[in-house]
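Work through the exercises below with the sequence and the coordinates open. Each task is followed by a solution in steps.

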Amino acid sequence: MKAGALLAVVVVVVLLLRGAAATPPHRPVDVQFEKNYVPTWAEDHIHYLNGGWEVQLSLDKSTGTGFHTRGSYLFGHFSMQIKLVGGDSAGTVTAFYLSSQNSEHDEIDFEFLGNRTGEPYILQTNVFSGGKGDREQRIYLWFDPTKDYHSYSVLWNLYMIAFFVDDTPIRVFKNSKDLGVRYPFDQPMKLYSSLWNADDWATRGGQEKTDWSKAPFVASYRGFYVDGCEASAEAKVCATQGARWWDQKEFQDLDGEQYRRLAWVRKEHTIYNYCTDRERYATMSPECTRDHDV
C-alpha cells in the first residue's frame, strides 16, 4: 500500500474511533462555596471545612438546612460532588436540584432517599416543566455513596436534559415540544441543595421513620463550580445561546456508548419508572420512547 493511501486509512480509523467514544460533559473546576452559593436556611447547620472548599450539612430533630446559588441560570452544566449520610439514614432526603421561581415552575431533581443500615440508597430523579412533574424514576446506585465523594450532574441545553452519576448517564429527557410535551427552556433556575427530614414518605413509603438517636445526620459537599449561562430571573433567552460548549452538536444527544451505559442502568439498576407504571398512568407519556425509557 502506498504511503498516501495508508495515511488516509489511518485517518479514517482514528476518526471512527473518536466518533465511537462517549463525549462526557466538560470537567468542572473546583472553587470555594462562597463564590457561587449562599445558605438558604439554618446557616448554623452548615459547617465549612478547608477554608470553604468543602461544606457539611447537618440534620437534627430541630431542623435541616440548605444552600442555593447566588445567580439564576438558563442552560449549562451543573455538577456537585456529594458524600451522602452514612449509617442509618432512613427518613432523610439529600437533594440537589434546579428550580425556577414561579407557579408554573420548571425543576430538575436529584433526590437521595436514605435507608436503614445495610440497605441501599435510592436515587430518585424528576423533571417538572410548566408546573407538571410526576415523572419520577428511581435507581439503586452501583456503589456505596456514603464512603466517598461522587459527582452528580445535569447537562441542560435546548435539546435535552441529561442526568449523570460520575460519567454514567442515568436518564435523558429530550425536548419533545413537537409531541406536545412542555420543556424547560425559558425560565432561569437557581441550584439548590438541602438535607431534611421526610420520614412521612422517603423510606418504604413512610413506613421507616427517622431514628433521631442517630442524629446529627451529615452530608458532605465539594466542587462548587457552576458552568451555566447566568440570566436574570425574568430572562427568556440566554444571551450567549448557541455559542457555549453545551450547545454544540456533540452535546445535543447522547452517543452510542452513552446509550449503552444508559441501557445498563435501565436493565440492572432501575427499580421504578413512571413510563412503565400502568397502574398510575393508563397510557404511556409520549416522551418515553424518545427518551429511551422503554
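## Exercise 1: The surroundings of V31

Beyond four places in sequence, V31 has contacts with N36, W53, F224 and Y225. The model is predicted.

**Task.** Locate V31 between its two flanking helices, and decide whether V31 is buried or exposed.

**Solution.**
Step 1. V31 lies in the loop that runs between α1 (3-20) and α2 (33-36).
Step 2. The relative accessibility of V31 is 11%. The cut-off for buried is under 20%, so V31 counts as buried.
Step 3. As a distance check, take the C-alpha atoms of V31 and E250: 27 Å separates them, with the two positions 219 residues apart along the chain.

## Exercise 2: Confidence

**Task.** State the average pLDDT of the protein, and find where pLDDT stays under 50.

**Solution.**
Step 1. The average pLDDT is 91, and 93% of the residues score at least 70.
Step 2. Over residues 5-21 pLDDT stays under 50. For this stretch the model has four contacts beyond four places in sequence.
Step 3. Predicted coordinates should not be read in detail where pLDDT is low.

## Exercise 3: The sheet and its helix

**Task.** Give the strand order of the open sheet of eight strands, name its edge strands, and describe how helix α3 packs on the sheet.

**Solution.**
Step 1. The order is β1-β4-β13-β6-β7-β8-β9-β16, and the pairing is antiparallel.
Step 2. β1 (37-41) and β16 (270-273) are the edge strands, each pairing on one side only.
Step 3. From one strand to the next, the twist averages 15 degrees.
Step 4. Within the sheet, β7 (residues 107-113) pairs with β8 in the antiparallel sense over seven bridges. D109 stands opposite N126 in β8.
Step 5. Helix α3 (residues 256-268) touches β9 (137-140) and β16 as it packs on the sheet. The direction of α3 makes about 90 degrees with that of β16.

## Exercise 4: T125

**Task.** Place T125 in its strand, and find which residue's side chain is joined to the side chain of T125 by a polar contact.

**Solution.**
Step 1. T125 belongs to strand β8 (residues 122-128).
Step 2. With a relative accessible area of 3%, T125 is buried.
Step 3. The side chain of R171 makes a polar contact of 2.9 Å with that of T125.
Step 4. R171 is also among the residues that T125 contacts beyond four places in sequence; the others are D109, F110, R135, E136, Q137, F163 and I170.

## Exercise 5: The disulfides

**Task.** How many disulfides does a search of the whole structure find, and what is the handedness of the one between C229 and C238 and of the one between C275 and C288?

**Solution.**
Step 1. The search finds two disulfides.
Step 2. C229 is joined to C238, with an S to S distance of 2.1 Å. The torsion about this S-S bond is about 105 degrees, so the disulfide is right-handed. C229 and C238 are both buried.
Step 3. The sulfur atoms of C275 and C288 are 2.0 Å apart. Here the torsion is about -85 degrees, so the disulfide is left-handed.
Step 4. C275 sits in the loop between β16 and α4 (287-290), and C288 in helix α4, 13 residues apart. C275 is buried at 1% relative accessibility, and C288 is buried at 0%.
Step 5. With the bonded cysteines numbered in sequence order, the pairing reads 1-2, 3-4.

Note on methods. Residues are numbered from 1 along each chain as its sequence is written. This is a predicted model: local features need pLDDT of at least 70, side-chain atom pairs count only at pLDDT 80 or more; totals for chains, interfaces and linings use all residues. Side-chain values use heavy atoms; hydrogens and water are left out. pLDDT is the predictor's confidence in each residue, from 0 to 100. Contact means heavy atoms within 4.5 Å. Helices (H or I, at least four residues) and strands (E, at least two) are DSSP runs, numbered from the N terminus. Buried means under 20% relative accessible area, exposed over 50%, partly exposed in between (1.4 Å probe, protein chains only). A polar contact is a pair of N or O atoms within 3.5 Å; within protein, one must be able to donate a hydrogen and the other to accept it, and residues adjacent in sequence count only if both atoms are side-chain atoms. Two strands pair if DSSP finds at least two bridges between them. Axes are lines fitted to C-alpha atoms, for helices over the stretch in contact, and angles run from 0 to 180 degrees between N-to-C directions. A disulfide is a pair of cysteine sulfur atoms within 2.5 Å.
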